[in-house]
Structure formats: C-alpha cells, structure tokens
Amino acid sequence: MTVALITKTVEMNSSMGSAVIPRNFRLLEELEEGQKGVSDGTISWGLEDDSDMTLSHWTGMIIGPPRTAFENRMYSLKIECGPRYPDECPSVRFVTRVNMNCVHSSTGMVDKRMLPTLAKWQRHMKIKNMLQDIRQQMMLKENIKLSQPPEGTTF
C-alpha cells in the first residue's frame, strides 16, 4: 500500500471523526510527490539527505519565470519542516542569491509575514504550495524587474 493510499484512507476515515494524518505520513506523501514530479517542472523538492529519518531537512528548486529578471535561472532553497509540521509552516531559505521583497537580503530567509502561503499557513498546505507561491511572487510588479545578483552567487 502506498503512502498516498494510506493517507487517503486516513482522510476518508477522518471525515467521520477527527483523525489527523501523522507528520511522517504526510511528509512521506510529499516526498513521493516530489520524486514523481507532480508539478509542472518549474519547481522541485526532496530530502536533503536520504538518511534523514526525521524528514526535516529538504531542498527545493525554482526555475525563474519567463519575462522576468529571474528568467533562465535556477534558484536553490533549503527547507526545514520542524516537529510541529504541518500544523506550523516550514522555514525556508534561499541558497542561491536572489533579490525579492519577501527575502532577507543578507541571510536569504523568506519572511513568513511577506509570503501569503506562510503567513496564512494551514495544515492542508504543502511544500509544493509554498514553492509555487514563491515563484508567483517573482512575477509580482514589485519583484519582476528588480536587478538580480550575479548568477551563481550564494548566501
């Protein structure tokens, strides 16, 4: 039985009660989605280290949207899912230098208050949703034309 099927079974059973999908089941489902490439190819995610039994340390990648200052660039991110995930949002930090209004200019940390997905995080949201939101932010008027650091530089 796959993790996704187990998760769906738990969700169906929870409609009658208040069962909650355990953290590790949820993260295993997200790992499986990331490995299968469920998204459109503009974002990806996976465990930083396959031996991470806590499923806490992840990497993400975003391909910059066309017709923006981010175009033709790949942005690397580190994501940490703490012990209270998915009840609490993950923390996310750019490894690749980027200039965006929701990213701290010296650390690369994404400001949870400035990214809608993180600011309004709910249990059903996933790493995928957060990465999609960051990519959407790249297309906003306030970010689209911001000059970017030289390609290949890191925080």
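**How do we know? Reading a predicted fold**

Residues 24 or more positions apart make up 54% of this protein's contacts with a separation of 6 or more. The structure is a predicted model, and every value below is computed from it.

Q: What elements does the protein have, and how do they run from the N terminus on?
A: There are five helices and four strands. From the N terminus on, the order is α-α-β-β-β-β-α-α-α.

Q: How do you know that C89 is buried?
A: The cut-off for buried is under 20% relative accessible area. C89 has 17%, so C89 counts as buried. C102, at 1% relative accessibility, is buried by this rule too. Across the protein, buried residues make up 43% of the 155 residues.

Q: How many disulfides are there by this rule?
A: The count is zero. A disulfide is a covalent bond between the sulfur atoms of two cysteines.

Q: Why does the sulfur of C89 not form a bond with the closest cysteine sulfur?
A: A disulfide needs two cysteine sulfur atoms within 2.5 Å. For C89, the closest cysteine sulfur is that of C81, at 9.7 Å, which is too far for a bond.

Q: What makes the sheet open, and which strands are at its edge?
A: Its four strands lie in the order β1-β2-β3-β4, with antiparallel pairing. β1 and β4 each pair on one side only, and these are the edge strands. From one strand to the next, the twist averages 25°.

Q: How do you know that β1 and β2 pair?
A: Pairing requires at least two bridges between two strands. β1 and β2 have five bridges, in the antiparallel sense, so they pass the test. Here L47 stands opposite W58 in β2.

Q: What about β3 and β4?
A: They have four bridges, also against a minimum of two, so they count as an antiparallel pair. I79 stands opposite V92 in β4.

Q: Which helices pack on the sheet, and which strands do they touch?
A: α2 packs on the sheet and touches β1 and β2, with its direction at about 130° to that of β1. α4 packs on the sheet as well, touching β1, β2, β3 and β4, and its direction makes about 145° with that of β1.

Q: How do you know that the span of α2 agrees with 1.5 Å a residue?
A: With 14 residues, α2 should span 20 Å, and its end C-alpha atoms are 20 Å apart, so the two values agree. Just after α2, G37 takes a positive phi of about 75°. Among the buried residues of α2 are L27, L31 and G34, along with charged-letter neighbours such as R26 and E30.

Q: What makes β1 "mostly covered"?
A: Four of its five residues are buried, that is, under 20% relative accessible area.

Q: How many residues are in the largest nonpolar core, and which have the most contacts inside it?
A: The core has 31 residues, and those with the most contacts inside it are W58, F94, M100, I127, M130, L131 and I134. α2, β1, β2, β3, β4 and α4 each give two or more residues to this core. α4 gives the most, with five residues. In soluble globular proteins, nonpolar side chains tend to be buried together.

Q: What does M100 touch, not counting residues up to four places away in sequence?
A: M100 touches F70, F94, I134, Q137, M138, N143 and L146. To count as a contact, heavy atoms must be within 4.5 Å.

Methods
Residues numbered from 1 in each chain as written. Predicted model: local features only at pLDDT ≥ 70, side-chain atom pairs only at ≥ 80, totals over all residues. Heavy atoms only, no water. Core = buried A, V, L, I, M, F, W, Y, C linked by side-chain atoms within 4.5 Å. Buried < 20%, exposed > 50% of the residue type's maximum accessible area, 1.4 Å probe, protein only. Axes fitted to C-alpha atoms, helices over the stretch in contact; angles between N-to-C directions. Expected span 1.5 Å × (residues − 1).
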